[in-house]
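Hi,

Here is the structure I promised to pass on. Have a look at it first, and then read on for what turned up.

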Amino acid sequence: MRKNQTILALIGLATVVTVVPLMAHHAFGAEFDRDAPIRLQGPVVRLEWVNPHAWIHLEITKEDGTNEVWMVEGGTPNTLLRRGLRRDCLTPGTEIIVDGYQTKDHSLTRANGRDVTFTDGTKIFLGSSGTGAPYEAEMLAARQQQGRC
Amino acid sequence: MIAMSGFSSDVKAQVQTQTDGQWVMPRTADGRPDLQGNWTNATITPIQRRRDQDAVYSLEEASRLEGGRAARTEALNQPSDPDRVAPPVGGDGSTGAAGGVGGYNYFWIDAGDRVAMFDGELRTSLIVDPADGRYPSRTDASRQRMAEASQFRRQFGQYDNPENRPLAERCIVSFGSNAGPPMLPNYFYNNNYTIVQTPDHIMIMTEMVHDVRIIRMGTPKPLPEHVKPWFGDSWGHWEGDTLVVETTNFSPTQLNRGQLSGATDNLKITERFTRADEYTLNYEFTVDDQETWTDTWSGEVPFTRLPGLVYEYACHEGNYAMFNVLSGARAQERREGGRQTPER
Amino acid sequence: MSADAQTAEIPRTQDGRPDMNGIWQALGNAHWDIEPHAARAALQMQPGPVVPVPAKPVLAFGAVGSVPSGVGVVVGGEIPYLPEARAKKIENQENWSERDPEIKCYLPGVPRATYMPFPFQIFQSSSHFFIAYEYAGALRNIYMEDPGPAQVDSWMGQSVGHWEGDTFVAEGSGFNDQTWFDRAGNHHSASMTVVERYTMTSPDHILYEATIEDPETFSRPWMIRMPLYRHVNEDARLGQFKCVEFVEELMYGQLRKNPIGSEEGR
């Protein structure tokens, strides 16, 4: 597949592209229900930068007008810390959009952060290729001007 | 972008004056090579080679692999559609670890950007012996042990009890063979280590689940047979400028897991640490258990300087996932009305 | 023994520092309660017909679960709590079995890790000062160069060390608010900072002092002080107390497919 086609194919897929190790990480498929997709939008109310998974709490307004807090599962904050995560990076009050799937236990308002972005669609954090590519420096500078990490 | 702001201070401290462009081995006060500081063994190179693959990549192949990973990162950094709807009912088609629900964003992953370069060679596998770069054959006895262990596990559904979950998911030890021995990358993230060195001890801390290996220097005083710590009992000595570590007395749970599944009490792992240059620690290992593998097997893994800190990985303390997995399995069983057949 | 003679005996590393490498442990019972206290029947009590008696979660332990008396390790005797914080400490005690992080094998934090009833090992080189605790595999890499403020709170905090003469000083910050100081409900906020001082007073003794500052919880900084003792037996080694496995029934037992005690789980 030519490089351009690869990128185009990937752009629609803002998710973990599988790197299948010998020792499988815990199955997301065990924790989350593929028949219970969600799309959430609302302000961050709490951040838990913990392991084994960070949890971002956001408040949504339901159809009946009441509010509900959802917890969204992320990855290890250690990776982000080495890429410059700071306390002021994603503060409570910041509005985010999450798409993913609810936990199999539907009594919990928890979901995987399949794709977590700001309201303009940009990712809440950037990956790093470790190559020091110019585009990365530009992207980072642009984000810092917006007060993002 | 690499966050250079947290660059390990001991790198600066250890830069030696270079005369005629020759790197000088930094040494501790007792004259030994200084292996201390933060290291990473993250790499694209897998543990085992594909069949009929050469031992080394050509420059073009390696560039293509590294470029592919960089391209993937670039692609997945692009903005998403802010008007996107929820993903499909029935799953989003993602496979492997993403589990059909799409896992989480790629920016959480840090699986390594580089093919492993060892002694100037771009390696296609971490295993170098057997010559085909693959695990050697197992003895019939070891296959029997593995079958018995498998039979034991089959009496349970994989979500029936916390004890049926992988050790890493239970936050008991690191992913795979991160802490080892042998110390291998997990191909996900946090493949980082801190080494502290004194005249009579080497301490190796693995970031994942804060596993600590304490290696005592000197003539081994064997532990009683029934004392079997996690990561085994390790003794080290110097051979010239190479630290040699021999480990025995592995815990039975460790011998029932991953690469070491089916191994016996006779398992002995030898590791060799040689500081190759300013930014590289050459790590070699040999796994020896004649009752399990028909031959010893060995690997070579470059550990490179970690440009950053190693952070706390307090796993159990924040393990919502364990609760979610177990409660989810119970919820699903209730929805399906009765006992769920074990997933295989 | 005169102070001079003691100082002359202290083993030193090749860079001239007191050599604290080795396995150490606190004696006494600060881990039960760091304030002076009389012996009592249990960590959690309930009203009894005549006097308070051990509460149900601890009843079966009998005397094994009783709290020994202690002169305390808090310099000046009492922890200077702000009024609301003292009320919370009492609440913690009343709900000990649900609240003490030690029960769930959570990381002990600082300074509790130092005086847990388990040894720890110091790895001291010219570039590193690393402590591995036997309890729950807790550890601290005390940085010899300040990497800047911690951007995320952690259980064991982030500590930066330096030498003041023969005293190793470690300044810790970036702690979360989840740890306790002991089994008596003594607590702190995420604003806490801890300054520890390790001073070898003889080849086999370290005087340990820790000053705690937390304006959200206490009216002023306060200090604990205790000796640490070297394990001198030849076969001394740090064991492993990986207690996460030990608490799975407690934490997840109800989520088993067949919980123990349920009809199917018998």
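Let's start with the rings in chain B. One aromatic cluster there is formed by B:Tyr135, B:Tyr193, B:Phe273, B:Tyr283, B:Phe285, B:Trp293, B:Trp297 and B:Phe303. Please keep in mind that this is a predicted model.

Over all chains, the count comes to 35 aromatic pairs. One to look up is C:Phe118 with C:Phe241: the ring centres are 4.6 Å apart and the planes stand at 45°, so this pair counts as tilted. Where do the two residues sit? C:Phe118 is in the loop between α5 (112–115) and β4 (120–124) of chain C, while C:Phe241 is in the loop between β11 (222–230) and α6 (248–252) of chain C, so the pair ties together parts that are 123 residues apart in sequence. As for exposure, C:Phe118 is buried, with a relative accessible area of 15%. C:Phe241 is partly exposed, and its relative accessible area is 26%. The cut-off here is that buried means under 20%, so C:Phe118 falls below it.

Two arginines are also placed over rings. In chain A, A:Arg148 lies over the face of A:Phe118, at 3.9 Å from the ring centre. In chain C, the ring of C:Trp32 has the charged end of C:Arg183 over it, 4.5 Å from the ring's centre.

Now the interfaces, beginning with chains B and A.

How many residues does each chain bring to this contact? Chain B brings 81 residues and chain A brings 84 residues. A word on size before the next number: an interface is often described by the accessible area lost when the parts come together. Between chain B and chain A, about 7,300 Å² is buried, and carbon and sulfur atoms give 59% of that. There are 6 salt bridges between chain B and chain A. You can find one of these between the side chains of B:Glu207 and A:Arg82, at 3.1 Å from N to O. The polar contacts between chain B and chain A come to 41 residue pairs, with both residues at pLDDT 80 or more. On the side of chain B that touches chain A, α2 (59–77) and α4 (320–336) of chain B each supply at least two residues. Which element gives the most to that side? That is α4(B), with 10 residues.

Next, chains B and C.

This contact takes 49 residues from chain B and 42 residues from chain C. The two chains bury about 3,900 Å² between them, with 57% of it on carbon and sulfur atoms. Chain B and chain C have 4 salt bridges between them. In one of them, C:Lys242 pairs with B:Asp211, and the closest N and O atoms are 3.6 Å apart. Across this interface, 18 residue pairs are in polar contact, again with both at pLDDT 80 or more. The elements of chain B that give two or more residues to the side touching chain C are α1 (9–14), β5 (192–198), β6 (201–206), β7 (211–217) and α4. Here too α4(B) gives the most, with 6 residues.

Finally, two residues in chain B that you may want to click on.

The first is B:Thr194, which is in strand β5 of chain B. Is B:Thr194 buried or exposed? It is buried, with a relative accessible area of 0%. Leaving aside neighbours within four places in sequence, B:Thr194 is in contact with B:Gly37, B:Asn38, B:Met203, B:Ile204, B:Met205, B:Val310 and C:Asn141. With B:Asn38 there is also a polar contact, side chain to side chain, at 2.8 Å. B:Lys268, on the other hand, is 74 residues from B:Thr194 in sequence and 24 Å from it in space, C-alpha to C-alpha.

The other is B:His201, found in strand β6 of chain B. B:His201 is buried as well, with a relative accessible area of 17%. Its side chain makes a polar contact with the side chain of B:Asp200 at 3.0 Å. Another polar contact reaches into chain C, where the side chain of C:Gln121 is the partner at 3.3 Å. Not counting residues up to four places away in sequence, B:His201 touches B:Val196, B:Ile214, B:Ile215, B:Arg216, B:Met217, C:Gln121 and C:Phe123.

Over to you, and happy browsing!

Terms used. Residues numbered from 1 in each chain as written. Chains lettered and ligands numbered in written order. Predicted model: local features only at pLDDT ≥ 70, side-chain atom pairs only at ≥ 80, totals over all residues. Heavy atoms only, no water. Phe/Tyr/Trp six-rings, centres within 6.5 Å; stacked < 30°, edge-to-face > 60°. Helix = DSSP H or I, 4+ residues; strand = E, 2+ residues; numbered from the N terminus. Buried < 20%, exposed > 50% of the residue type's maximum accessible area, 1.4 Å probe, protein only. Lys NZ or Arg CZ within 6 Å of the ring centre and 35° of its normal. Contact = heavy atoms within 4.5 Å. Buried area = accessible area lost by both parts, 1.4 Å probe. Polar contact = N/O pair within 3.5 Å; in protein donor to acceptor, adjacent residues only side chain to side chain.
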